Amino acid sequence: MDSLQEQFIEKLEEQYGPWDKTTSRFGPTAFGKIAGDLCISASQFSKLIYGTATEGMYTRSIKNVERLKQSMALQNQLDQLRHSEQAIQAEIQQLQNSTRIGLIKILGIGLGALLLGALIMYYWPKAEPIGFSPNTAINQHPLTPFFEQDFDADFDSPYLRASEVQDYCPCSAYEGRWSLSEEYKLPLPGNRKPGVYYMAKSADVRMKCAKSATGTDKGRVMNGYEYLINEIWVDTYQTPLSPLYFDKEQKAYTEEFNQLQFSENPQFKKVATIHSFFFDKFEIFPDSIVRTGEPCGRFATDVDEQLAAQYEIDIKDILENVLGDLNKTDCQSAPNPFCDPNDLREKESVIAFDCVYTIQTENLGIGGGYPYQKGYRLEQQNYADNLTCVCE
């Protein structure tokens, strides 16, 4: 690792100048400016400088410095072309009364220079962000490359082969991509003040039959890999949940709460976006479907730090404790309207679970749990031909 660290520092000194450890600069350039040039954070840059980065980070960063050097060279060429263009335009001005052929030649030179400049800008080498491949998207399901690739790619799909689907019926009909059927919102107790809410925006789910299931469970058990995007919102009026939004006696949300549209009401402000990943187990019975889920981690993006501080919202505490407790939910089994799995239809079929969550730090004085419904919609079915298993 020392050799990679030395190579990285050597590349930086070639590009920016000697490393002055007393001023945290390379030549006249501050660390922060260099980190920005390389498309990395200040903390990642510090790891690279002081030898605590991974081998991959060093490799990508060295390549990024080399690309930056190429970019500077191209910038110099482009500047020269711009100077040439200006000189040509001045000559055109002087030769306006000259022959038409001469003018056309000059214009051709000018247009050629502009075209070359455009090509340089189009093919300008760009730095590769540390920790992300060029095809990575923050809102893309993390397992997309494993489940979805071109037919002729060097790729082994986790879904059942056509020769296996009858042996794993009915779960073979459920294999594929599912989504959150409807958005839902929940109050988030456990904060210092009222008015903090959780908004479930989307769920991107890949479901596949569990080949490990044997005996009577074969063809009845599915594994689900669920990537969720949710939001944290704050009521700037900090209105108590009850009685306006929740009926304590009925243990149900009021119509005012059901009609709330956070994004359309200036009283509510978004504090953060939450990304979560779940591993699900679904068990299919003729009359019902049972789901159990286990979180595999979550993180926040787009955090409005000023808003969080103003309303005393601890995003880290919400991630680790509040949402951690929220995951301890009690969900009823969902009715199974697809006893005959051939009844499943893309864009139409929904499995909905009625749930109630409780939280150890509940402080809203309601008692009991908070109800919600989570539904999954079939978006893309892996196998949709006739299945021969019988609905018992």
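Here is a friendly exchange between a biologist and a modeller about this predicted model.

Biologist: Let's begin at the start of the chain. Which residues gather with Glu-10 in a patch of negative charge on the surface?

Modeller: Glu-10 itself is found in helix α1, residues 2-16. It is partly exposed because its relative accessibility is 46%, between the limits of 20% and 50%. The residues that gather with Glu-10 in that negative surface patch are Glu-6, Glu-13 and Glu-14.

Biologist: I see some short strands next. In what order do the strands of the open sheet of 3 strands stand?

Modeller: β1 (19-20) and β3 (29-30) stand at the edges, each with a single partner strand, so each has one side without a neighbour in the sheet. β1 pairs with β2 (residues 25-26) in the antiparallel sense over 2 bridges, and the bridge partner of Trp-19 in β2 is Phe-26. The order is β1-β2-β3.

Biologist: Now to charged pairs. How far apart are the closest N and O atoms in the salt bridge between Lys-33 and Asp-37?

Modeller: Both residues lie in helix α2 (residues 31-37), and they are 4 residues apart, about one turn of the helix. Asp-37 is partly exposed, with a relative accessible area of 22%. The closest N and O atoms of the Lys-33 and Asp-37 salt bridge are apart by 2.9 Å.

Biologist: Another pair caught my eye. How many residues apart in sequence are the parts tied together by the salt bridge of Glu-226 and Lys-374?

Modeller: The closest N and O atoms of Glu-226 and Lys-374 are 2.5 Å apart, and the two form a salt bridge. Glu-226 lies in strand β7 (residues 221-235) and Lys-374 in strand β15 (residues 370-381), so the pair ties together parts whose separation in sequence is 148 residues.

Biologist: Are Glu-226 and Lys-374 buried or exposed?

Modeller: A residue counts as buried under 20% relative accessible area. Glu-226 has 0% relative accessibility, and Lys-374 has 6%. Because both values fall under that cut-off, Glu-226 and Lys-374 are buried.

Biologist: Which residues are joined into one network with Glu-226 and Lys-374 by salt bridges that share partners?

Modeller: Asp-280 and Arg-291 meet through their side chains in a salt bridge of 3.1 Å, N to O. Asp-280 lies in strand β10 (residues 268-284) and Arg-291 in strand β11 (residues 288-301), so the pair ties together parts 11 residues apart in sequence. Asp-280 is buried at a relative accessible area of 0%, and Arg-291 is buried at 17%. Through shared partners, the salt bridges join Glu-226 and Lys-374 into one network with Asp-280 and Arg-291.

Biologist: Let's turn to strand β5. Which residue in β6 stands opposite Tyr-184?

Modeller: In β5 (residues 184-187), Tyr-184 and Leu-186 point one way while Lys-185 and Pro-187 point the other way, and all are buried. β5 pairs with β6 (residues 196-209) in the antiparallel sense over 4 bridges. The β6 residue opposite Tyr-184 is Ala-200.

Biologist: And for β14, what is the bridge partner of Ala-352 in β15?

Modeller: The covered face of β14 (residues 350-357) has Ile-351, Phe-353, Cys-355 and Tyr-357, while Ala-352 belongs to the uncovered one, with Val-350, Asp-354 and Val-356. β14 and β15 run antiparallel and are joined by 8 bridges. The partner of Ala-352 in β15 is Gly-375.

Biologist: I'd like to check the backbone too. Which residue does a cis peptide bond join to Ser-242?

Modeller: Most peptide bonds are trans. One cis bond runs from Cys-169 to Pro-170, with omega near 10°, and Pro-170 is found in the loop between α6 (144-147) and β4 (176-180). For Ser-242, omega is about 15°, and the partner sits in the loop between β7 and β8 (246-247). The residue joined to Ser-242 is Pro-243.

Biologist: One last thing: what is the phi of Asp-302?

Modeller: Asp-302 lies in the loop between β11 and α8 (305-310). It counts as exposed because its relative accessibility is 56%, over the 50% limit. Although Asp-302 is not a glycine, its phi is positive, at about 55°.

Technical notes. Residues numbered from 1 in each chain as written. Predicted model: local features only at pLDDT ≥ 70, side-chain atom pairs only at ≥ 80, totals over all residues. Heavy atoms only, no water. Patch = residues over 30% accessible without salt bridge, like charges linked within 9 Å, V, L, I, M, F, W, Y side chains within 5 Å. Areas by Shrake-Rupley, 256 points an atom, 1.4 Å probe, with all protein chains shown as cover. Salt bridge = Lys/Arg side-chain N within 4 Å of Asp/Glu carboxyl O. Lys, Arg positive; Asp, Glu negative; His and termini not counted. Charge placed at Lys NZ, Arg CZ, Asp CG, Glu CD. Buried < 20%, exposed > 50% of the residue type's maximum accessible area, 1.4 Å probe, protein only. Pairing = 2+ DSSP bridges.
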